[in-house]
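Trainee: I should like to learn how to read the features of a protein model in an orderly way. May we begin with the overall surface and then proceed to the details?

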Amino acid sequence: MVKYILLMYAEVGAWPPQEHELAIKESIQLCRELEDQGHFVAAAPLQPSDTAKCVRVRQGTTQVSDGPFAETKEQLGGFFLIDVDHLDQAISIAARVPGTRRGTAEIRPLRT
């Protein structure tokens, strides 16, 4: 089995509030299904990107800045951590995540 993280990105305001509530419920149901299949590890939505801090250490000095590091319209909104047999399975699961209908799922294997 390989652990993959699905990083969910979307533009701020991409989801009307009522649709977002439904997408969250659908995501919770997907997590339950993945758990029943033995593929679920963890998932969570994130607070808005304006709550983010970026930390860098340069020449022994810690630098802290506000917000996401990258200048992009899409912001990281949450993640799913799954444990599956291969990448094709991870892609199939990512395609079922409601967030992919208005945003993007970035899939990365975890280093072991």
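Mentor: We may begin with the surface. The model is predicted. The protein exposes about 7800 Å², and carbon and sulfur atoms supply 52% of that area. Along its principal axes, the C-alpha trace spans about 45 × 40 × 20 Å.

Trainee: What percentage of the 112 residues is buried?

Mentor: Buried residues account for 25% of the 112 residues. The term applies to residues under 20% relative accessible area.

Trainee: How many helices and strands are there, and which pattern do they follow along the sequence?

Mentor: The protein has two helices and six strands. Read along the sequence, they give the pattern β-α-β-β-β-β-α-β.

Trainee: How should one read a sheet, and in which order do the strands of the open sheet lie?

Mentor: Strands of a sheet pair through backbone hydrogen bonds, in either a parallel or an antiparallel manner. Here, four strands form an open sheet in the order 2-5-1-6, with antiparallel pairing. Strand 2 and strand 6 (103–109) are the edge strands, each pairing on one side only. On average, neighbouring strands of this sheet are turned by 20° against each other, direction ignored.

Trainee: Over how many bridges does strand 1 pair with strand 5, and with strand 6?

Mentor: Strand 1 (residues 2–11) pairs with strand 5 over 10 bridges and with strand 6 over seven bridges. Leu6 has Phe80 in strand 5 as its bridge partner, while Ile5 stands opposite Arg108 in strand 6. Strand 2 and strand 5 (residues 74–84) are joined over five bridges, also in the antiparallel sense. Phe40 stands opposite Ile82 in strand 5.

Trainee: Where does Ala52 lie, and why does Ala52 count as partly exposed?

Mentor: Ala52 belongs to the loop between strand 2 (40–45) and strand 3 (53–58). Ala52 is partly exposed because its relative accessible area is 26%, a value between the limits of 20% and 50%. Ala52 and Ser65 are 13 residues apart in sequence and 8.6 Å apart in space, C-alpha to C-alpha.

Trainee: Is Val55 in strand 3 buried or exposed?

Mentor: Val55 counts as exposed because its relative accessibility is 57%, and the limit for that class is over 50%. Val55, Val57 and Val64 make a nonpolar surface patch of about 290 Å².

Trainee: How does one describe contacts between residues distant in sequence?

Mentor: One considers contacts between residues at least 6 apart in sequence; in this protein, 76% of them join residues at least 24 apart.

Conventions. Residues numbered from 1 in each chain as written. Predicted model: local features only at pLDDT ≥ 70, side-chain atom pairs only at ≥ 80, totals over all residues. Heavy atoms only, no water. Buried < 20%, exposed > 50% of the residue type's maximum accessible area, 1.4 Å probe, protein only. Patch = residues over 30% accessible without salt bridge, like charges linked within 9 Å, V, L, I, M, F, W, Y side chains within 5 Å. Areas by Shrake-Rupley, 256 points an atom, 1.4 Å probe, with all protein chains shown as cover. Salt bridge = Lys/Arg side-chain N within 4 Å of Asp/Glu carboxyl O. Pairing = 2+ DSSP bridges. Axes fitted to C-alpha atoms, helices over the stretch in contact; angles between N-to-C directions. Contact = heavy atoms within 4.5 Å.
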